Amino acid sequence: VCALRLRARHAPRTHFGHLHKARDGPCEFAPVVIVPPRSVHNITGAQVRLSCEVRAVPTPVITWRKVTQSPEGTQALEELPGDHVNVAVQVRGGPSDHETTAWILINPLRKEDEGVYQCHAANVVGEAESHSTVTVLDLSTYRSFRFPAPDDRM
């Protein structure tokens with residue numbers, strides 16, 4: 001109805017009777033990322049969760065991708081979870097009308113999981129995307145440091 005009213009406002013007055021309502025329901029619009037995923041830092045073996053909230057009509061398809069570099073140096077997108085046994089992806093409706101939330105869970109976190117992750121949403125009207133970075137600190141590096149025990153004298 002809102003698109004019909006907008007068109008009626010801009011239609012020449014001589015063609016007033018040619019507009020009609022095609023269907024009920026909300027007006028279609030391309031996806032918009034309303035809550036982008038946040039970049040995170042964590043250690044190997046930890047659990048990392050990224051989330052992304054998108055608003056669109058009709059409901060978008062949301063996919064998670066990891067940005068990788070090919071041996072030739074060109075950028076490629078790897079769709080997740082793929083063959084990664086430590087990666088899970090989930091999508092659900094909400095929290096509000098015409099919104100969809102998608103998560104990616106990486107558990108346990110490995111050094112090779114470090115990189116840029118993309119939340120990509122698409123419907124028949126358009127698409128949107130947002131990026132975040134996962135930085136992985138190698139726990140074995142920090143184990144080599146010796147911290148004094150509380151009863152050690154300095």
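**Exercise 1. The hairpin of S6 and S7**

Determine how many residues lie between S6 and S7 in their hairpin, and which residue in the turn has a positive phi.

*Solution.* In this predicted model, the hairpin formed by S6 and S7 has 5 residues between its strands. The turn includes glycine 94, whose phi is positive at about 100 degrees. The two strands pair in the antiparallel sense, and 7 bridges connect S6 with strand S7, residues 99-106. One pairing can be named: valine 87 has isoleucine 106 in S7 as its bridge partner.

**Exercise 2. The sheet that contains the hairpin**

State the strand order of the open sheet of 4 strands and its pairing sense, and identify the edge strands.

*Solution.* The order of this open sheet is S1-S3-S7-S6, and its pairing is antiparallel. Strand S1 (29-35) and strand S6 (87-93) are the edge strands, each of them pairing on one side only. On average, neighbouring strands of the sheet are turned by 25 degrees against each other, direction ignored.

**Exercise 3. The sheet of 5 strands**

Give the order and pairing of the open sheet of 5 strands, and then describe how S4 is joined to S8.

*Solution.* The strand order is S2-S9-S8-S4-S5, with mixed pairing. At the edges are strand S2 (40-43) and strand S5 (75-80), each pairing on one side only. The average turn between neighbouring strands of this sheet is 30 degrees, direction ignored. Within the sheet, strand S4 (residues 61-69) runs antiparallel to strand S8 (residues 115-122), and 7 bridges join them. In one of these pairings, isoleucine 62 has alanine 121 in S8 as its bridge partner.

**Exercise 4. Arginine 65**

Establish whether arginine 65 is buried or exposed, and which side chain of opposite charge is nearest to it.

*Solution.* Arginine 65 belongs to strand S4 and is buried. The nearest side chain of opposite charge is that of glutamate 79, at 4.5 Å. A salt bridge requires a side-chain nitrogen of Lys or Arg within 4 Å of a carboxyl oxygen of Asp or Glu, and arginine 65 has no salt bridge. Setting aside residues up to four places away in sequence, arginine 65 touches Leu77, Glu78, Glu79, Leu80, Val116, Tyr117, Gln118 and His120.

**Exercise 5. Cysteine 119 and glutamate 127**

Classify cysteine 119 as buried or exposed, do likewise for glutamate 127, and describe the surroundings of each residue.

*Solution.* Cysteine 119 lies in strand S8. Its relative accessibility is 0%, and therefore cysteine 119 counts as buried. Beyond its neighbours within four places in sequence, cysteine 119 has contacts that include Pro37, Cys52, Trp64 and Ser130. The C-alpha atom of cysteine 119 is separated by 8.8 Å from that of valine 33, although the two residues are 86 residues apart along the chain.

Glutamate 127 is located in strand S9. It is exposed because its relative accessible area is 56%, the cut-off being over 50%. From C-alpha to C-alpha, glutamate 127 and proline 31 are 5.5 Å apart in space while 96 residues apart in sequence. Leaving aside neighbours within four places in sequence, glutamate 127 is in contact with Ala30, Pro31, His120, Ala121 and Ala122.

**Exercise 6. The largest nonpolar core**

Find how many residues form the largest nonpolar core and which of them have the most contacts inside it; then state which strand gives the most to this core.

*Solution.* The core has 17 residues, and Leu50, Trp64, Ile104, Tyr117 and Val134 have the most contacts inside it. At least two core residues come from each of strand S3 (48-57), S4, S7, S8 and strand S9 (127-137). S3 gives the most, with 4 residues. In soluble globular proteins, nonpolar side chains tend to be buried together. Leucine 50 touches, among residues more than four places away in sequence, Trp64, Ile104, Tyr117 and Val134.

**Exercise 7. The whole chain**

Summarise the secondary structure of the protein chain, its buried fraction and its long-range contacts.

*Solution.* The chain has 2 helices and 9 strands, and from the N terminus its elements follow the pattern α-β-β-β-β-β-β-β-β-β-α. Of its 154 residues, 29% are buried. Among contacts between residues at least 6 apart in sequence, 58% join residues at least 24 apart.

Conventions:
Residues are numbered from 1 along each chain as its sequence is written. This is a predicted model: local features need pLDDT of at least 70, side-chain atom pairs count only at pLDDT 80 or more; totals for chains, interfaces and linings use all residues. Side-chain values use heavy atoms; hydrogens and water are left out. Two strands pair if DSSP finds at least two bridges between them. Axes are lines fitted to C-alpha atoms, for helices over the stretch in contact, and angles run from 0 to 180 degrees between N-to-C directions. Buried means under 20% relative accessible area, exposed over 50%, partly exposed in between (1.4 Å probe, protein chains only). Lys and Arg count as positive and Asp and Glu as negative; His and the chain ends are not counted. Contact means heavy atoms within 4.5 Å. A nonpolar core is a set of buried Ala, Val, Leu, Ile, Met, Phe, Trp, Tyr and Cys residues joined through side-chain atoms within 4.5 Å.
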